[in-house]
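Work through the exercises below with the sequence and the model in view. Try each task before reading its solution.

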Amino acid sequence: MFDYSTLRKTATQLITNFGADAVITRLSGRTFNPATGAYSTGSSTNYTLKAVRAQFNAFEKAGDNIQDNDVRLLAQSGVTVPVINDTLTFDSVSYRIMNVRTESPSGTDVFYDLQCRS
């Protein structure tokens with residue numbers, strides 16, 4: 001069986017060398033109060049990782065899911081698993097994570113392919 005941890009290290013090295021810091025902010029503990037119609041603030045947790053900007057291809061743009069202002073980021077694994085609706089700050093711009101595709105052969109997360117929207 002192939003050891004994909006080496007591939008993960010290589011992907012992390014490339015993203016670190018050619019990328020920049022990104023901060024994922026995740027809200028948790030947020031609850032809805034039906035009496036007031038408001039959400040409680042909950043708490044937020046920040047995760048700093050490296051990410052690199054990539055491009056959507058023409059086939060991906062032809063679908064309905066990718067908007068003109070969407071950004072594709074490849075993020076390193078091993079820090080946290082990004083989830084939809086997390087906030088990601090990259091190059092001083094805050095984005096909402098719209099889609100997460102995990103490159104994970106044999107269960108080893110190599111990197112995360114993120115569709116982000118400002």
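**Exercise 1.** Which backbone oxygen does the side chain of Ser77 reach?

Solution. The model is predicted: local features need pLDDT of at least 70, side-chain atom pairs count only at pLDDT 80 or more, and totals for chains, interfaces and linings use all residues. Residues are numbered from 1 along each chain as its sequence is written, and side-chain values use heavy atoms, with hydrogens and water left out.
- Step 1: find Ser77 in the loop that joins strand S5 (71–76) to strand S6 (87–90); strands are DSSP E runs of at least two residues and helices are H or I runs of at least four, numbered from the N terminus.
- Step 2: from there, the Ser77 side chain reaches the backbone oxygen of Asp109 at 2.8 Å.

**Exercise 2.** Is Ser77 buried or exposed?

Solution.
- Step 1: buried means under 20% relative accessible area, exposed over 50%, and partly exposed in between (1.4 Å probe, protein chains only).
- Step 2: Ser77 has 3% relative accessibility, so Ser77 counts as buried.

**Exercise 3.** Where is Arg96, and how far is Arg96 from Arg8 in space?

Solution.
- Step 1: Arg96 belongs to strand S7 (residues 93–103).
- Step 2: its relative accessible area is 41%, so Arg96 is partly exposed.
- Step 3: Arg96 and Arg8 lie 25 Å apart in space, C-alpha to C-alpha, and 88 residues apart in sequence.

**Exercise 4.** Which residues outside its sequence neighbourhood, up to four places away, does Arg96 touch?

Solution. With contact meaning heavy atoms within 4.5 Å, Arg96 touches Asn85, Asp86, Gln115, Cys116 and Arg117.

Terms used. A polar contact is a pair of N or O atoms within 3.5 Å; within protein, one must be able to donate a hydrogen and the other to accept it, and residues adjacent in sequence count only if both atoms are side-chain atoms.
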